[in-house]
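User: I would like a close look at one part of this protein, the helix that comes last in the chain, together with the pockets and residues around it. Please set it in the context of the whole chain and take the reasoning slowly.

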Amino acid sequence: MNISIVTVGKLKEKYLKQGIDEYLKRLTSYAKVEMIEVADEKAPEELSELEMEQVKQKEGERILAKISQDTYVFALAINGKMQSSEELADSLDKLATYGKSKIAFIIGGSLGLSAEVLKRSNEQLSFSKMTFPHQLMRLILVEQVYRAYRINRGEPYHK
């Protein structure tokens, strides 16, 4: 399985990079996982509604340019469906069973995802009603993907 994690912005925090790299290394025996960063749109702190939509639109165009038509897309969105780790594992297992070998998880920037990205997604996934920094979500997501593979293989790790 080929998994892409498409994110907005550069990851600067060393401790997050180390954690992500550890899980990416662990995942090599299960799937090919690629972290794809697209540039975030530079904007001032205070934005009008229209300006926020324009920022999300530009970031969304960059995201969509990285996703092929045959890719199954999970958009991480606060209003998406919440799943347990077992349910995510089951979703990934079913996709593999039905021949979906390209999967993308999308993490938007600080303003979220554009309507076009949400429309392109096959599923919208929420990890919590809480708001997390999008950089931290990379680590949480890659850990959950690793956990899903361990669950599906019946291997120890998941508690």
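**The last helix and its surroundings**

Analyst: Along the sequence, the elements of the protein chain come in the order β-α-β-α-β-α-β-α-β-α, which amounts to five helices and five strands. The model is a predicted one, and what follows should be read with that in mind. For a chain of 159 residues, a compact globule would be expected to have a radius of gyration near 15 Å, and the value for the protein chain is 15 Å, which agrees. Its C-alpha atoms fill a box of roughly 50 × 35 × 25 Å along the principal axes. Buried residues account for 43% of the 159 residues, and of the contacts with a separation of 6 or more, 82% join residues that are 24 or more positions apart.

The helix you ask about is α5, which covers residues 134-152. Its 19 residues, at 1.5 Å a residue, should span 27 Å, and the C-alpha atoms at its ends are indeed 27 Å apart, so the expected and computed lengths agree. Of these 19 residues 14 are buried, and α5 is therefore largely enclosed by the rest of the structure. As background to the contacts described below, an α-helix has 3.6 residues a turn, so residues three or four places apart point the same way.

Ahead of the helix, F127 sits in the loop between β5 and α5. With a relative accessible area of 27%, F127 is partly exposed, because buried would require a value under 20%. Beyond its neighbours within four places in sequence, F127 is in contact with L76, M137, I140, L141 and Q144. The C-alpha atoms of F127 and M82 are 5.9 Å apart in space, although 45 residues separate the two in sequence.

A contact with R138 comes from the other end of the sequence, from T7 in strand β1, which covers residues 2-8. T7 has a relative accessibility of 0% and so counts as buried. Leaving aside sequence neighbours within four places, T7 also touches M35, I36, E37, V38 and I107.

Just beyond the end of α5, G154 takes a positive phi of about 65°. E155 belongs to the segment after α5 and, at 26% relative accessibility, counts as partly exposed. Apart from neighbours within four places in sequence, E155 is in contact with Y30 and R150. By contrast, the C-alpha atoms of E155 and K42 are separated by 44 Å, with their positions 113 residues apart along the chain.

The helix also takes part in lining two pockets. The largest pocket holds about 530 Å³ of space and is lined by 24 residues, among which L76, A77, I78, G109 and G112 lie nearest its centre. At least two lining residues come from each of β3 (72-82), β5 (123-126) and α5, with β3 giving the most, namely four. By class, this lining is made up of 13 nonpolar, 10 polar and one charged residues. L76, one of the residues nearest the centre of this pocket, is also among the contacts of F127, which ties the loop ahead of α5 to the lining.

The second largest pocket has a volume of about 310 Å³. It is lined by 18 residues, and D40, E41, A43, E59 and S110 are the closest to its centre. Here the elements that give two or more residues to the lining are α2 and α5, and the lining contains six nonpolar, five polar and seven charged residues.

The helix α2, which shares that second lining with α5, covers residues 49-64 and includes Q54. With a relative accessible area of 40%, Q54 is partly exposed. Q54 lies 9.3 Å from E41, C-alpha to C-alpha, and the two are 13 residues apart in sequence; E41 is itself one of the residues closest to the centre of the second largest pocket.

Taken together, α5 is a helix with 14 of its 19 residues buried, and at least two of its residues line the largest pocket, while two or more line the second largest pocket.

Definitions and conventions. Residues are numbered from 1 along each chain as its sequence is written. This is a predicted model: local features need pLDDT of at least 70, side-chain atom pairs count only at pLDDT 80 or more; totals for chains, interfaces and linings use all residues. Side-chain values use heavy atoms; hydrogens and water are left out. The expected span of a helix is 1.5 Å times one less than its number of residues. Buried means under 20% relative accessible area, exposed over 50%, partly exposed in between (1.4 Å probe, protein chains only). On a 1 Å grid over the protein atoms alone, a cavity is a set of points where a 1.4 Å probe fits but cannot get out, and a pocket is an open set with protein on both sides within 12 Å along at least five of seven lines; lining residues have an atom within 4 Å of a point. Grid points are joined across faces, edges and corners, and a volume is the space filled by probe spheres set on the points. Ala, Val, Leu, Ile, Met, Phe, Trp, Tyr, Cys and Pro count as nonpolar, Asp, Glu, Lys and Arg as charged, and the others, Gly among them, as polar. The radius of gyration is taken over C-alpha atoms; the globule rule is 2.2 Å times the number of residues to the power 0.38. Contact means heavy atoms within 4.5 Å.
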